[in-house]
Amino acid sequence: MLASLDQKLLRDLWRVRGQGLAIAVVMAFGVMLMVMMDGLINSLSETKRSYYERYRLAQVFAPVKRAPKHLLQQISDWPDVTAVEGRINGGALINLPDETIPIRAQAVSLPDYRAPRLNDVYLAEGRRLDPTHKNEILLLQGFANARGIKPGDHLTATLNGTRRSFHVVGLAQAPEFLYTPAPGEIVPDDKRFAVFWMSEDALAAALDMDGAFNEVLLTLPLGANSAHILHQLDQLLMSYGALGAYTLDDHLSNRFISEEIQQLANSNQVVPPVFMGVAAFLLYIVISRMVQSEREQIGLLKAFGYTGWEISLHYLKFVLLIAILGALLGCVLGVLGGRGLSGVYQLYYKFPFLLFRLDPATVISSLLVSIMVACTGAAWVVQRVFALTPAQAMRPPTPTDFSTSLRFGQGLLAKFDQPTRMVLRTLNRHPLKTLMSISGIALGMALSAGMLNVLSAFDRTLAFSFEQVDRSDLNVSFVEPLGPDSLYYLARLPGVLAVEGVRDVPAIFHFGRERYRGAVTALTPAPQLFRALDKHSQPIALPQQGIVLSKALAGQLKVQTGDTLLVDIRQGRRPKLPIQVAAIAETMTGAPAYMDLNALNRLMFEPGRVSGAHLRIDMHYAQDLYAKLKDMPAIASVNLKNQSRQAMEKMMDEGAGATRYVMMIIAAVITFGIVYNSARIAFAERARDLASLRVMGLTKSEAAFVLLGELGIITLLAIPLGCAFGYGLSALISAGFSNDLYQVPVTVVPTAYGSAAIAVLLAALGSGFLIKRDLDRLDLVGALKTRE
Amino acid sequence: MSDSALQNLDLSLPAFAMQGLTKVFGSGPSRVEALRGVDLTIPAAELVVLLGPSGSGKSTLLNILGGLDSATSGSLSYFNLDLAAMDERQLTQYRRQHIGFVFQFYNLMPSLTALENVQLVTEIAESPMDAAEALAMVGLENRQHHFPAQLSGGEQQRVAIARAIAKRPRVLFCDEPTGALDSKTGRTVLNVLQEVNRELGTTILIVTHAASTAAMAHRVIHFADGRISKEVENDQVLSAADIDW
Ligand SMILES: Nc1ncnc2c1ncn2[C@@H]1O[C@H](COP(=O)(O)OP(=O)(O)OP(=O)(O)O)[C@@H](O)[C@H]1O
Ligand SMILES: [Mg+2]
């Protein structure tokens, strides 16, 4: 037999089931995000850690032009080194029969008669290399799958200007190639970039590296001073053409995955708390309204001898039931969502396995958080219950005193009929309640507006990068820097409309204690095809002295215009140059630094050199042109701008970016939930008044006006506030999504706010419709009989 | 029924006439027969008092006559109109144009002043009296701009009466109008009702537990167990001021 209070509890729950469910769902979404993100962060970092460990990923990478093998012995004798491996790495182009543009690839050596000490590969399919067959390769699995290549197939690739035929014996993955965008891009496109592993001897022969290596890999003992080792390596390799040693932290693939995890962790700190806050707020509204209307009953219970705690517990149970229901639902949704999302992650991050693993502690903590949130919402109740005296129960209810409400200018009020006055006075009489309702709806709108704004901001990122900064059709890069005739040669090819040379030079930027490994991009004076733009999208004239940094790079280095950087050029004569920052450029992908081409070449004592070019072409000649470019040994890669753009769009829409849509939907549901909840509460509070109005002969519509007018005014007031909240939220979200790999601008996209406002209005209309339906069914006699 | 029917009443007929009126709430074990066949005729312009033990069906009858609820079976006419046949929209018009209600718990709109509460009704009525005049009739000319919270229970009830009579209803239903009031205030309220009946010719039905109120009625109906147990026509009607409580 249930205690009678519990019986009441169940009845009350059933009575407010619509609202209860709405709140539980909001809470469930908060918990879902928490569980999903926590689980993802957990799974990604655990998988990453064990993958790195199992395949012995190096901690230090030192690329060099060509160094003799005996140096490796020397390095392994250093005190702070646990393992050393030397290997050969080279750019290659894969020629597929059905592809007009050669595909960029990276060839990596594997020792012939032993397993590599560091950076081993995971063999997904087929077999390992047979050292007696020098033409065998292992191919990156992602590329092979995207191109339909299987073990046993043959393919040709150009290495060092020579075309060779290879036999694919296996498909592989490796921790250093978790995330494999083509060089210079930030989004991987499985079809357009490949990695293959081949016999060290064969690769050495192809690249003139006999008895030599061009990359050193190291691991260090725990707590070793990596800066010291990097310095030592650079010193040792200096005379062999060191390109600058770096740690795993600066390794591109690792940086992408680490940034992704970091970003998840960041949003995990912002988004679920917002949802939980909204849920607490809704719970508070419902429960406070309940206690208010049951004050008499509470007084009576006290008169019967129930203690304040017993009664408070009754209301707490109510709240807890909703919270626990929400939390459980959220856990289930979170696991489902997490599983789905890990599948998406695997499309972009090539883990051999990625199991969505939920830490039981996450479930427990999300349960605790929900309960805490619910209790916060209900804390008010306890205080209220204790404050009530039994005597209050015996007194007939006093009508709310409207005399103290701000008297509107009587002249103004006289213009309105009584129902309108009721609406205005009610809003005015409970300014706090009105404000709460307004903020509630504004919060809901802010969620939608913020999400929509970020969504459009992503599109702006694309448009800015691919339409304003880069106005070329394709770019080519050369195997090594060439003289100016190369540009004339390109310009004379059929279909080429314009050519603009660029020079990319690897460099390390130093400022104070900050350090960034990147590149200097040198552009011709007054470039047309690829430009540095300021924040008003106006081209920045590149000075003869000085460097223009992207905002992201300036942020990383913590420099401002006028500061002087140390630019450590890692090519040619390797000058270390102090250069002043002349301006900051707006960029949305990467963290480039721009200089004038002539100025850079002058500093490097290499006049007229370019490392590649941006081309504008006549699309009618495209196929011929590609065929010509494919046959030019000096060209290392050809990159079509539209392909890069499509890859990026795809990731935004289908990849990790797809979470935006999920959040969008959740935001819309919550917006509706809040609006509907406000309307429900107003209805419950007004039921008796409305019934009285109907008894007096007001029609259903006239009575509805009193209620819906209130909702309407609140909604309209909420919209401007929602815009303000939305701006704040989108700034927060943008900051969370931006890093030095890509930046999301905090631009106000008016349509985002317009759509959110329309969504709120629709939600208000929908709620109004639902409430109107209940109002039409209102049992007049029943409503009048029950005393508030 | 056309909408104009409410304007073209045959006033030679009694205000209400009912035959075998029943009302059943619920079904199965929770079934309650609130009215078990009521036969009653109420002539226009009378002041009628309904007496009876709690649960005997008085409020139920009042609600049905007032168009708030409908009967389960039986016939019910309002002058020449068939009330039982009216739909929801027609009942709203019926209440709007012809009926006033006064309840035990006043049911004033807390967000409107006394005057505005009355105006709420005068704004939608066909030929209402002036709202201030209605308040004057119940002796509240000095309380026009007070909000309900600033009025005593008796004053609130008088505002409710003013609100009910302001549209000059043909019929006024009062369900325990004095239930929440002390005897002196109660008498003031009854006095107001009697004046309305005399001066405006309004048909008034008062449900009450105070048997002494019967003395001021033209007709007294005793209710028991969902039926009329006794009906008395008073030859002599006392003034409300002279009633013993
Ligand atoms: N909505 C309802 N559902 C079920 N039964 C009801 C309902 N309304 C009234 N009743 C029942 O109908 C009967 C008559 O009720 P009614 O309210 O008419 O009594 P009453 O004579 O007005 O009593 P009182 O003097 O206490 O107000 C009662 O037994 C009551 O329980
Ligand atoms: Mg009753």
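**Close-up views of a predicted model**

At 2% relative accessibility, Glu85(A) counts as buried. This and every other value below comes from a predicted model.

**View 1. A salt bridge joins Glu85(A) and Arg117(A).** The closest N-to-O distance between the two side chains is 3.7 Å. Glu85(A) sits in strand S2 (residues 83–87) of chain A, and Arg117(A) in the loop between strand S4 (103–110) and strand S5 (122–126). The partners are 32 residues apart, so this pair links distant parts of the chain. Burial differs across the bridge: Glu85(A) is buried at 2%, while Arg117(A) is partly exposed at 41%.

**View 2. Asp112(A) and Lys134(A) form a salt bridge.** Here the N-to-O distance is 2.9 Å. Asp112(A) lies in the loop between S4 and S5 of chain A, and Lys134(A) in the loop between S5 and strand S6 (136–140), so the pair ties together parts 22 residues apart in sequence. Asp112(A) is buried, with a relative accessible area of 15%. Lys134(A) is partly exposed, at 34%.

**View 3. A salt bridge lies within helix H19 of chain A.** Arg645(A) pairs with Glu649(A), and their closest N and O atoms are 3.2 Å apart. Both residues belong to H19 (residues 641–654); because they are four residues apart, about one helical turn separates them. An α-helix has 3.6 residues a turn, so residues three or four places apart point the same way. Arg645(A) is buried at 17% relative accessible area. Glu649(A) is partly exposed at 30%.

**View 4. Four charged residues of chain B share one salt-bridge network.** Its members are Glu46(B), Arg219(B), Glu231(B) and Glu233(B), joined through shared partners. Over all chains, a search of the whole structure finds 32 salt bridges.

**View 5. Ligand 1 lies between chains A and B.** Fourteen residues surround ligand 1; Ser54(B), Gly55(B), Lys58(B), Ser59(B) and Thr60(B) come nearest. By class, the shell has four nonpolar, seven polar and three charged residues. A polar side-chain atom of Lys58(B) lies 2.7 Å from a ligand oxygen. For Ser56(B), a backbone N or O atom lies 3.2 Å from an oxygen of ligand 1. Glu176(B) places a polar side-chain atom 3.4 Å from a ligand oxygen. Taken alone, ligand 1 exposes 630 Å², and the protein buries 66% of that.

**View 6. Helix H1 of chain B supplies the largest share of the ligand 1 shell.** That share is three residues. Strand S2 (32–42) and helix H1 (58–65) of chain B each supply at least two residues of the shell. H1(B) is mostly covered, with seven of its eight residues buried. Among them are Lys58(B), Thr60(B) and Leu61(B). After the helix comes Gly67(B), whose phi is positive, near 80°.

**View 7. Arg96(B) is found in helix H2 (residues 88–98) of chain B.** At 12% relative accessibility, Arg96(B) counts as buried. Its C-alpha atom and that of Ala125(B) are separated by 6.7 Å, though the two residues are 29 apart along the chain.

**View 8. Three residues of chain A make a nonpolar surface patch.** Leu443(A), Leu721(A) and Phe725(A) together form about 200 Å² of patch. Phe725(A) lies in helix H21 (residues 700–737). Phe725(A) is partly exposed, at 33% relative accessible area.

Key. Residues are numbered from 1 along each chain as its sequence is written. Chains are lettered from A and ligands numbered from 1 in the order in which they are written. This is a predicted model: local features need pLDDT of at least 70, side-chain atom pairs count only at pLDDT 80 or more; totals for chains, interfaces and linings use all residues. Side-chain values use heavy atoms; hydrogens and water are left out. Patches are made of residues with over 30% relative accessible area and no salt bridge: like charges are joined within 9 Å, nonpolar side chains (Val, Leu, Ile, Met, Phe, Trp, Tyr) within 5 Å. Accessible areas come from the Shrake-Rupley method with a 1.4 Å probe; for residues, only the protein chains shown count as cover. Buried means under 20% relative accessible area, exposed over 50%, partly exposed in between (1.4 Å probe, protein chains only). A residue is near a molecule or strand if one of its heavy atoms lies within 4 Å of it. A polar contact is a pair of N or O atoms within 3.5 Å; within protein, one must be able to donate a hydrogen and the other to accept it, and residues adjacent in sequence count only if both atoms are side-chain atoms. Ala, Val, Leu, Ile, Met, Phe, Trp, Tyr, Cys and Pro count as nonpolar, Asp, Glu, Lys and Arg as charged, and the others, Gly among them, as polar.
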